[in-house]
Amino acid sequence: MLPLQIAENIYDVGVQDWAARDFHGYKTERGATYNSYLIMDEKITLIDTVKASFTEELLANISKVTPLDSIDYIVINHVEPDHSGAMPALAKACPKAKFYITMQGKNEAIQHYGDIFDFEVVKDGATLNIGKRTLTFASMAMLHWPDSMATYSEYDKILFSNDAFGQHYATSKRFDCEVNQDELFYEAKKYFANILWPYAKLIGNALKKLGGLEIKMIAPSHGVIWTEHILDILRCYSEWGSGVQDGSLVIAYDSMWGGTEKLARAIARGAANAGVVVKVFKMGATPNSTVAAELFTASGFLAGSSTLNC
Ligand SMILES: [Fe+2]
Ligand SMILES: [Fe+2]
């Protein structure tokens, strides 16, 4: 069976990591995906790769559409290993492929894998004609690494956004409109809180940059593809980036013999009686990444530590 065609001659050749539960400290209760997109134009182009342990599956997916050695260009939007892990195998399997990458990305890739690639370094706004399509590269520096960029296909009106707009959410359905909306937006929020929150002040500028583009699809490197809820996720990013608060109170505590817990519960009751939405987390029993998802939109935060061995 051919990989899913997400737009005219563009195939979803990435992988689902159903078993992922810990993404370098981020608890991924719904798994993860590493998305990669194959564009079959006059010049055959791959956008992003996958985590190294899924290399074989990526190569198999591509091979169902086109021979590996037919790939002309590989765009590396970001070198963190969840997206670049298959680069060395691709360099071998696709001998004529040129790797399009930022200067920071090139330096990092060489450190990770050695100087084994045919690189073409691209700057913000650079373009690459691949036939019917012209791809435009847009720097997304510090969203969330110095090398991060996005790639836009004007012909398709698709933004290949890499980590931005992602969710750690493994599903057999690949589009936003096909999945449970509460799950999707919770995972998008949790992802923003854990991956992009430290750089939230940069989101406004990035959105301004993207604001000039006509976008019919946002194809991120994690999770489902945005089609019907593009405006919703852009609005969420705008709010989250500007530090919107939802009026809630987060109480995060731990307790050795129950004293701090009693205090946390008493404060929670009092605040709830006063009409405040309260979210209480015992830290020893809750992943930090779950608390972060609630904390970054909270209006208040109380931390409670045990007084023994604190
Ligand atoms: Fe990343
Ligand atoms: Fe990533």
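## Buried donors of the second iron site

His-222 is buried, its relative accessible area being 1%. In this predicted model, His-222 contributes its NE2 atom to the iron ion (ligand 2), alongside Asp-82 (OD), His-83 (NE2) and Asp-163 (OD). These donors lie 2.1 to 2.2 Å from the ion. Asp-82 is likewise buried, with a relative accessible area of 6%.

The angles subtended by the 4 donor atoms around the iron ion (ligand 2) run from 85 to 172°, which makes the arrangement irregular. The upper value matters here because four donors count as tetrahedral if all angles lie between 85 and 135 degrees. Along the sequence, the donor residues follow the spacing D-H-x79-D-x58-H. Distant parts of the chain are thereby linked: Asp-82 belongs to helix α2 (residues 81-84), while His-222 sits in the loop between β16 (217-220) and α7 (230-241), 140 residues apart.

## The first iron site and the shared ligand

The iron ion (ligand 1) takes its protein donors from His-78 (NE2), Glu-80 (OE), His-144 (NE2) and Asp-163 (OD), at 2.1 to 2.3 Å. This site is also irregular, with angles of 89 to 176° among its 4 donor atoms. The spacing of its donor residues in sequence is H-x1-E-x63-H-x18-D. Here the chain segments brought together include Glu-80, in the loop between β9 (73-75) and α2, and His-144, in the loop between β13 (134-139) and β14 (149-153); the two residues are 64 residues apart. Glu-80 counts as buried at 9% relative accessibility, and His-144 is buried with a relative accessible area of 9%.

How far apart are the iron ion (ligand 1) and the iron ion (ligand 2), and which residue coordinates both? The separation is 3.5 Å, and Asp-163 is the residue that coordinates both ions.

## Strand β14 and its partners

The loop that holds His-144 leads from β13 to β14. In β14, 5 of the 5 residues are buried, so this strand is largely enclosed by the rest of the structure. Met-149, Thr-151 and Ser-153 point one way from β14, whereas Ala-150 and Tyr-152 point the other way; all are buried.

Strand β14 runs antiparallel to β13, to which 5 bridges join it. Within this pairing, Phe-137 has Thr-151 of β14 as its bridge partner. Strand β14 also pairs with β15 (residues 158-162) in the antiparallel sense, over 3 bridges. Ser-153 has Ile-158 in β15 as its bridge partner. The hairpin of β14 and β15 has 4 residues between the strands, and Lys-157 adopts a positive phi near 60°.

## A parallel three-stranded sheet

Further along the chain, an open sheet of 3 strands is formed in the order β18-β17-β19, with parallel pairing. Strands β18 (278-282) and β19 (300-304) stand at the edges with a single partner strand each, so one side of each is left without a neighbour in the sheet. Neighbouring strands of the sheet are turned by 15° against each other on average, direction ignored.

Strand β17 (residues 249-253) is joined to β18 by 5 bridges, and the two run parallel. One of the residues involved, Leu-249, has Val-278 in β18 as its bridge partner. Helix α8 (residues 259-273) lies across β17, β18 and β19, and runs at about 170° to β17.

Conventions. Residues numbered from 1 in each chain as written. Chains lettered and ligands numbered in written order. Predicted model: local features only at pLDDT ≥ 70, side-chain atom pairs only at ≥ 80, totals over all residues. Heavy atoms only, no water. Pairing = 2+ DSSP bridges. Axes fitted to C-alpha atoms, helices over the stretch in contact; angles between N-to-C directions. Contact = heavy atoms within 4.5 Å. Donors = N, O, S within 2.8 Å, 3.2 Å for Na, K, Ca; no water. Tetrahedral: all angles 85-135°; square planar, octahedral: opposite > 155°, others 65-115°. Buried < 20%, exposed > 50% of the residue type's maximum accessible area, 1.4 Å probe, protein only.
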